[in-house]
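Colleague: Got a minute? I'd like a quick tour of this fold.

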Amino acid sequence: GGEPMIAKELPALAAALKQLGYHLTIETAATVAPAGIACDLASLSPKLANSLPDERLPASWREKHAALRWQPDVVKAWLAGYGYQLKFVVSSEADVTEIESLLAQLGMVIPRAKILLMPEGTTVETLRARAGWLGELCKARGYRYAPRLHVELYGNKRGT
């Protein structure tokens with residue numbers, strides 16, 4: 001969890017790992033520009049409106065999240081400079097409408113096979129309830145379906 005691109009040491013670590021011959025995938029919310037970081041696959045996971053933090057957090061934090069969760073210029077910088085995939089967590093068909101609207105804002109042709117839709121859920125029951133319609137939607141529109149295997153195997157536990 002968290003946003004790796006805010007770690008000051010990440011560019012040096014990525015460069016060192018790349019020099020050792022490692023394949024580097026960086027999963028990011030795409031709110032921080034890549035700035036030339038060593039990366040083979042950018043796994044961009046912009047947050048949708050459904051990701052708003054709950055009321056336990058201060059209103060200022062919620063407002064900041066809402067204002068910063070979608071950064072089209074940052075997303076374009078990642079897409080232009082790296083191999084990429086876009087991953088979105090989906091809880092309803094309204095989320096898919098939002099995804100398609102956000103992608104249209106980029107003004108770029110993004111192959112549908114580079115877009116992964118993952119059902120939102122922390123229980124096997126919720127995931128399975130969403131899997132059917134989301135899987136069918138992915139097939140119909142050419143998106144990739146991304147299961148939450150860690151929840152299926154281990155439940156909603158940290159560190160899995």
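Modeller: Sure, here is the sheet, then one residue. This is a predicted model: local features need pLDDT of at least 70, side-chain atom pairs count only at pLDDT 80 or more, and totals for chains, interfaces and linings use all residues. Residues are numbered from 1 along each chain as its sequence is written, and side-chain values use heavy atoms, without hydrogens and water.

Colleague: In what order do the strands of the sheet come?

Modeller: The order is β1-β2-β3-β4-β5, in an open sheet with parallel pairing. Strands (E, at least two residues) and helices (H or I, at least four) are DSSP runs, numbered from the N terminus. Two strands pair if DSSP finds at least two bridges between them.

Colleague: Which are the edge strands?

Modeller: β1 (25-28) and β5 (144-145), as each pairs on one side only.

Colleague: How many bridges join β2 to β3?

Modeller: Four, between residues 41-44 and residues 83-90. In one of them, A42 has Y84 of β3 as its partner.

Colleague: And what does α4 touch on the sheet?

Modeller: β3 and β4 (115-119). Contact means heavy atoms within 4.5 Å.

Colleague: New topic. Where is I99?

Modeller: I99 sits in helix α4, residues 93-105.

Colleague: Why does I99 count as buried?

Modeller: Because its relative accessibility is 1%. Buried means under 20% relative accessible area, exposed over 50%, partly exposed in between (1.4 Å probe, protein chains only).

Colleague: Which residues is I99 in contact with, leaving aside neighbours within four places in sequence?

Modeller: L48, F88, V90 and L117.

Key:
Axes fitted to C-alpha atoms, helices over the stretch in contact; angles between N-to-C directions.
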